[in-house]
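Hi there,

Here is the structure I promised to pass on to you. Have it open while you read, and I'll walk you through what turned up.

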Amino acid sequence: MNKTTHFDDAVNLIKRAKHMVAFTGAGISVESGIPPFRGRGGLWNSYDPALLELDEFKNKPKDSWKLLKKLFYTHFGTAKPNGAHYALADLEENGFVKAVITQNIDNLHQLAGSKNVIDFHGNISRMVCLACKHFFARSDYSLNDLPLKCKECGGLIKPDVTFFGEAVPEPANTLANRQAEMSDVFLIIGSTGEVYPAALLPETAKETGAKIIEVNTSETQFTNKITDIFLKGKATEIMGELVSSLLAGSKNWERYFLR
Ligand code: APR
């Protein structure tokens, strides 16, 4: 199949879909300046993921918080949504996307305007106290005096993101599985499929009858196993092309040429 037929097939599939769900990984935020975890330039090549294990965080909160501040709040905290995030928001506004399940914690889908976002691994814009389970907004704390202590009970504060060794939060887990089961088209953007249980969601979608469209710069664990249409390229480029085809003439169409 040549590239054009491939692309046209994806457009036709999406046009016919009754319930398309997008599933995003670190790759969608790379063009916002956020490095991926794995592969070339991956964070886990430079930093020790052990500091983001729950037990290690409890044992060495100051060291973990220093890394968290650098990675999540200095690095990620200033990033802005890119064309691929806006494309998903526009597709949702126009009825093509019913939900976005994201493994990313960067809050960029929400900033782009997506409404039905399921944060499968949490979100850095919230904090939680490990002792009293009280939730706080990121803006409730300055990051000068680390580790952060709960304003209510003095317990250790953690970003509300899923660490290694932690279960996926509820209701995100249930909602994401429900969306995967309901989907007839499941659009994977920028995920290696190496982290579980997140990587099971596309498999659930496939098993319950969805067609899988995958957007990535390289092949992944999903590509030869479950993907029906692989669109090779950068998320902003492919999503920009998809939106131009799907929303031609709509009110958001021009912005893909202006951005
Ligand atoms: N456009 C599309 N895809 C891209 C781009 C791009 N511009 N740049 C990189 N990619 C692809 C890579 O080829 C790779 O397949 O994005 C993927 C990023 O993979 P990972 O870094 O493994 O990200 P992800 O699958 O989201 O990781 C899952 O791992 O460490 C945990 O909790 C963390 O949520 C994260 C989870």
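In helix α4, the buried residues are Pro61, Ser64, Trp65, Leu67, Leu68, Leu71, Phe72, Tyr73 and Phe76. Please keep in mind that this is a predicted model. What covers the buried residues of α4? Among the elements doing so are α2 (43–46), α3 (54–59), β4 (122–129) and β6 (157–161). The helix itself, residues 61–76, has a kink of about 30° centred on Lys69.

Next, the sheet. Six strands make up an open sheet with parallel pairing, and their order is β3-β2-β1-β7-β8-β9. At its edges are β3 (117–119) and β9 (229–232), each of which pairs on one side only. On average, neighbouring strands of this sheet are turned by 15° against each other, ignoring direction.

For one pair to look at, try β1 (residues 20–24) and β2 (residues 97–102), which are joined in the parallel sense over five bridges. There you can find Ala22 opposite Val100 in β2. Helix α5 (residues 83–93) packs on the sheet and touches β1, β2 and β7 (185–189), with its direction at about 145° to that of β2. Helix α7 (residues 172–182) lies across β1, β2, β3 and β7, and runs at about 130° to β3.

Finally, a small check you can repeat yourself. Helix α9 (residues 235–246) has twelve residues, so at 1.5 Å a residue it should span 16 Å, and its end C-alpha atoms are indeed 16 Å apart. The buried residues of α9 include Ala235, Ile238, Met239 and Leu246.

Enjoy exploring!

Methods:
Residues numbered from 1 in each chain as written. Predicted model: local features only at pLDDT ≥ 70, side-chain atom pairs only at ≥ 80, totals over all residues. Heavy atoms only, no water. Bend = angle between axes of the 7 residues up to and from the residue. Helix = DSSP H or I, 4+ residues; strand = E, 2+ residues; numbered from the N terminus. Buried < 20%, exposed > 50% of the residue type's maximum accessible area, 1.4 Å probe, protein only. Contact = heavy atoms within 4.5 Å. Expected span 1.5 Å × (residues − 1). Pairing = 2+ DSSP bridges. Axes fitted to C-alpha atoms, helices over the stretch in contact; angles between N-to-C directions.
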